[in-house]
Each structure stands twice: as C-alpha cells, then as structure tokens.
Amino acid sequence: MATWAGTEVSALNPLRALWLTLAATFLLTLLLQLVPPGLLPGCAFFQDLIRYGKTKEGAPPRPAACRAFDVPKRYFSHFYIISVLWNGFLLWSLTHSLFMGAPFPNWLHGLLRILGTAQFRGGELALSAFLVLVFLWLHSLRRLFECFYVSVFSNAVIHVVQYCFGLVYYILVGLTVLSQVPMDGRNVYVIGKNLLMQARWFHILGMMMFIWSSAHQYKCHVILSNLRKNKAGVVIHCNHRIPFGDWFEYVSSPNYLAELMIYISMAITFGFYNLTWWLVVTYVFFSQALAAFLSHEFYKSKFISYPKHRKAFLPFLF
Ligand SMILES: NC(=O)c1ccc[n+]([C@@H]2O[C@H](COP(=O)([O-])OP(=O)(O)OC[C@H]3O[C@@H](n4cnc5c(N)ncnc54)[C@H](OP(=O)(O)O)[C@@H]3O)[C@@H](O)[C@H]2O)c1
C-alpha cells in the first residue's frame, strides 16, 4: 500500500479542486439548513435549488417562476444511462490497455492530463483503479435496473440545474477513477507486468463492503417501492408513506447512507490512501447528508407518529 507520504498531498489539481469545491458548497448548504429558519431570510429560489422530490413539499410556497424549471424526477434514469455508456467505454479502454497494451486514445489521454492524471510515482496499483471502475459501472447498471423495474416514481420533480448536474456527475466520477490509473505516457503502468500479482487484502475488503452496501441499498429501494403497491405487487398510489424494515429502523434515508458506504468501499479498494477519492467521498457525504436531513424534516412534519428514535443519516448520531 502506498503511504500518505508517497502521494502529492499538496498538489491541488483541477479534479481535486472541483471535488473540494463541491464538498464545501454542500457543507455550507447543510450548515445553512441547520440554522433556525427565523434567523435567515427565506429564499424560495435557493430552497428550490437544493430540494428535490418529496422535500420540495416541505419548502416555502414555490413561485410560478420556479415551476418553469421543473424536470420529472423519474428522469434520474438518464443519469444512469449516461453512466453505463460512458463508464462502460472507459472500462473498455482501460481493459484494452491493461490486457492488450493498447494506449488510451489521444483525446482521452489529453483530457486526463488536463484534469490531473496520476503519473507513476511508485506504489500505485492499476488493479485498484480497474476494480473501482468495475464497481462504478456495476453500481450504475443496478441503479438503472432499479429505475426501470423496481422504483415507483410519483410526479415529484427536480430542478433543471440538478438534472444537468446529474448528467455530468457520472462522467466526472468515471474520469476521476481513470485519472488514478498510474500512467507511463499514454500507456498504463503495471508494476510487475502482471495485474493479478497486484491483488491485496484491501481489494477483498473493498469488494465485500461494496457488495454489502449495494445489497442494502437495493433492499431499501424495494421497501420504498412496496409502500406504493398492494400485496399482489400492483401499484395502487404514489403517496409518500413511512418506510419500515432493514436500515430504515435506524435512519430516515438508509439508501443515502448505503450510497456513502459504496463510495467508502471504493476508497478502501484504492488502498485507503487516495486523496482525490477521499475528496469525492467527502462530497458524497455532504450531498447525501443534506438530502437525508431534508427528508427527515419532511417525514417529521408530515407524520405525527414518525419513529422518535430514528436519525436522519447516521445511526444514533445525525
Ligand atoms: N451520488 C450522488 O451524488 C447521488 C445523488 C442523488 C441520489 N443518489 C442516489 O440515488 C438513489 C435515489 O435517490 P433519490 O433521492 O431518488 O431517493 P428517494 O427520494 O429515497 O427515492 C427513491 C424512490 O423511492 C420513492 N420514495 C421516496 N420516499 C418514499 C416514501 N416515503 N414513500 C414511498 N415512496 C418513496 C421515490 O419516489 P418519488 O421521489 O418519485 O416520489 C423514488 O421512486 C439513492 O440511493 C441515492 O443515494 C446519489
């Protein structure tokens, strides 16, 4: 495993700067939500920009101008279609390079250099980035399957800015993973020339955590969709109800918690030391914490009987 000392901790390349900025923006937004409402001037446009889906219901009344920017929330599937295609292409390019020695296309290599690709410095494992890219692709494929065959969407909406962000998000995440592949010019650098010889204990640990978190996220999405079906599996309404079972017994948004754990499992697969990836994890932490906090507030305001012991995002803590 490479050490912190072996990484260029001080180098703030464009990708790191981007993830840091996103993480800081969501942290600030979360902190603003924690301030008592009376102390801050209400801003419908700001609330409209940070809330989506059911949490828009808990916001101040939405001016007609806000509604002009509504996009159906069921369009979440578009994010995963793009991710499966784009990250599938990146995975294909990496596989081609690793197993057949084919260099990355010029434009892709150029793009990675601009974003801050990892030139081989000693210790980085190509296998780690390869596994993380496989995990990202499988995650997107499962989410796409869920959007089409598991989730029951209501007429909930997202802001067009959130929609556009979602479209570029998985492109950026895939490029971030690929930029962590140790390069030697346009070719991938494989220490020892044999990928399998790079297998380490943290790859197994990361994989187990990825499978475990993914299984729980899937289970939570099934529980949510069952809230809108009868015993025969027929959709009977599109309202929001109180979910029970699995991690819902501890937090209001276990699917967001599972998302965070999926990204942490990738940090483990990178060998714990990858600063760029920890910045991605930090962004996911604050963006999912904000969404979970708003969902929790929504549930508490809508249901008097909402379980008191249930936290928003982190069991027993927050
Ligand atoms: N990595 C990232 O940056 C990122 C960002 C956003 C989301 N995500 C992930 O994407 C997944 C989906 O996110 P999401 O925000 O759409 O999750 P969500 O709000 O929990 O919705 C998931 C599904 O359940 C339905 N639903 C939600 N609450 C319900 C309730 N109380 N009763 C009945 N049905 C309910 C929703 O329908 P309607 O909303 O249509 O009513 C939707 O079909 C999550 O796992 C999340 O972690 C990741």
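Student: Okay, contact means heavy atoms within 4.5 Å. On that basis, which residues in H9 meet which ones in H10?

Tutor: This is a predicted model, to be clear. From H9, the residues are Tyr256, Glu259, Leu260, Tyr263, Ile264, Met266 and Ala267. They meet Trp277, Trp278, Val280, Val281, Val284, Phe285, Gln288, Ala291, Ala292 and Ser295 in H10.

Student: How do the residues of that contact divide into nonpolar, polar and charged?

Tutor: The contact of H9 with H10 has 14 nonpolar residues, two polar and one charged.

Student: And at what angle do H9 and H10 pack?

Tutor: About 175°, with the axes 9 Å apart. That makes H9 roughly antiparallel to H10, because angles over 145 degrees count that way. H10 covers residues 275-302.

Student: What about H8 and H9, how far apart are their axes?

Tutor: Their axes are 8 Å apart, and the angle is about 165°. So H8 and H9 are roughly antiparallel to each other too. H8 is residues 201-226, and H9 is residues 254-269.

Student: Left-handed or right-handed crossing, when H8 passes H9?

Tutor: Left-handed. As for the residues of the contact of H8 with H9, 15 are nonpolar, nine are polar and one is charged.

Student: Switching topic. How many disulfides does the structure hold?

Tutor: Zero.

Student: Why is there no bond for Cys147?

Tutor: The closest cysteine sulfur is in Cys238, 15 Å from the sulfur of Cys147, so that's too far for a bond. A disulfide would need the two sulfurs within 2.5 Å.

Student: Cys147: buried or exposed?

Tutor: Buried, at a relative accessible area of 7%.

Student: Then Cys164, which cysteine has the sulfur nearest to it?

Tutor: Cys66, but its sulfur is 16 Å away, and Cys164 is in no disulfide. Cys164 counts as partly exposed, with 41% relative accessibility.

Student: One more. Where is the place of Phe148?

Tutor: Phe148 is in helix H6, which runs over residues 126-149. Phe148 has a relative accessible area of 48%, so it's partly exposed; a value over 50% would have made it exposed.

Student: Which residues is Phe148 in contact with, leaving aside neighbours within four places in sequence?

Tutor: Ser77 and Ile81.

Student: And what separates the C-alpha atoms of Phe148 and Arg74?

Tutor: In space, 9.2 Å; along the chain, Phe148 and Arg74 are 74 residues apart.

Methods. Residues are numbered from 1 along each chain as its sequence is written. This is a predicted model: local features need pLDDT of at least 70, side-chain atom pairs count only at pLDDT 80 or more; totals for chains, interfaces and linings use all residues. Side-chain values use heavy atoms; hydrogens and water are left out. Buried means under 20% relative accessible area, exposed over 50%, partly exposed in between (1.4 Å probe, protein chains only). Axes are lines fitted to C-alpha atoms, for helices over the stretch in contact, and angles run from 0 to 180 degrees between N-to-C directions. Helices (H or I, at least four residues) and strands (E, at least two) are DSSP runs, numbered from the N terminus. Angles under 35 degrees count as roughly parallel, over 145 as roughly antiparallel, 65 to 115 as roughly perpendicular and the rest as oblique. A crossing is left-handed if the near helix is turned anticlockwise from the far one by less than a right angle, and right-handed if clockwise. Ala, Val, Leu, Ile, Met, Phe, Trp, Tyr, Cys and Pro count as nonpolar, Asp, Glu, Lys and Arg as charged, and the others, Gly among them, as polar.
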